[in-house]
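Please read the briefing below alongside the sequence and the coordinates. The topics are confidence, sheets, nonpolar cores, one serine and the cysteines.

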Amino acid sequence: MPKYLIADFIVEIEPKFDYLKKLCEPFLYEGERSADFSAIPSDSYLNSLLSRMVEGSTIDEAEEFATASIFNRKIIHRGAMLVHSSALVFDGKAYLFSADSGFGKSTHTKMWLKRFGSKAHILNDDKPVVKIKNEVPLCCGTPFDGGSGIANNETVPVGAIIFIERSDANFVTIPDTNE
């Protein structure tokens, strides 16, 4: 069974459909470490999920979503979690833009790419992992991209997590870190 190195976890995944196979390729692991866990959705889970997804969704999308869901349930007990966000790397740090679907996460990362050019790149456009190692928060790419096709296998320190909300005005609030 294929093994993948995702956020420093060795994971058994058996992609059935081309979309997840393609996304998982950069994460393929051929080393000697044993698998930490498997993230393989059953056919019944896939079909059940597909029946509840937005009309027009494909079984490929259901497989990616189901595998990500299983993966997240496994890593949460290991000090890590998927964060619904678009994450980009700028000056060696990850900046995660988190919000509800349709609120502009990918739009914000694209604006950073336009502004900073080759100094920035997208790490993962939908479900990166955040974890703490040696007291340093890290952002890790995953193959779970939410349909964008952008899923890179990198780990970088977190610069910030930005929560986007709709408003009539553009502004940023920085929490007081002295509290």
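The mean pLDDT of the protein chain (the predictor's confidence in each residue, from 0 to 100) is 89, and 94% of its residues reach 70 or more. This is a predicted model, in which local features need pLDDT of at least 70 and side-chain atom pairs count only at pLDDT 80 or more, while totals for chains, interfaces and linings use all residues. Residues are numbered from 1 along each chain as its sequence is written, and side-chain values use heavy atoms, with hydrogens and water left out.

**Confidence by element**

- Helices (H or I, at least four residues) and strands (E, at least two) are DSSP runs numbered from the N terminus; among these elements, strand 2 has the highest mean pLDDT (98) and helix 4 the lowest (82).
- Where pLDDT is low, the predicted coordinates should not be read in detail.

**Sheets and the helices packed on them**

- Two strands are taken as paired if DSSP finds at least two bridges between them; 4 strands form an open sheet with mixed pairing, in the order 3-1-2-4.
- Strand 3 (28-29) and strand 4 (37-38) stand at the edges of that sheet, each with a single partner strand, so one side of each lacks a neighbour in the sheet.
- Strand 1 pairs with strand 3 in the antiparallel sense over 2 bridges, and Lys3 stands opposite Tyr29 in strand 3.
- An open sheet of 7 strands, also described by mixed pairing, follows the order 5-9-10-11-7-6-8, and its edges are strand 5 and strand 8 (120-124), each with a single partner strand.
- Neighbouring strands of this 7-stranded sheet are turned by 40° against each other on average, direction ignored (axes are lines fitted to C-alpha atoms, for helices over the stretch in contact, and angles run from 0 to 180 degrees between N-to-C directions).
- Strand 6 (residues 85-90) and strand 7 (residues 93-98) run antiparallel and are joined by 6 bridges.
- Helix 3 packs on the sheet, touching strand 5 and strand 9 (129-133) (contact means heavy atoms within 4.5 Å), and its direction makes about 160° with that of strand 5.
- Helix 4 (residues 105-116) packs on the sheet as well, touching strand 6, strand 7 and strand 8, with its direction at about 15° to that of strand 6.

**Nonpolar cores**

- A nonpolar core is a set of buried Ala, Val, Leu, Ile, Met, Phe, Trp, Tyr and Cys residues joined through side-chain atoms within 4.5 Å, where buried means under 20% relative accessible area, exposed over 50% and partly exposed in between (1.4 Å probe, protein chains only).
- The largest nonpolar core has 20 residues, and those with the most contacts inside it are Phe9, Val11, Ile13, Phe71, Ile75 and Val129.
- Helix 3 gives the most to this core, with 4 residues.
- Ile75 touches Phe9, Phe37, Ala80, Met81, Leu82 and Val129, not counting residues up to four places away in sequence.
- Apart from the largest core lies another, of 10 residues, among them Ala87, Val130, Val156 and Val158.

**Ser86**

- Ser86 lies in strand 6, stands opposite Phe97 in strand 7 and counts as buried at 0% relative accessibility.
- Ser86 and Lys127 are 41 residues apart in sequence and 7.2 Å apart in space, C-alpha to C-alpha.

**Cysteines**

- The structure holds 0 disulfides, a disulfide being a pair of cysteine sulfur atoms within 2.5 Å.
- The sulfur of Cys24 is 15 Å from the closest cysteine sulfur, in Cys140, which is too far for a bond, and Cys24 is buried, with a relative accessible area of 0%.
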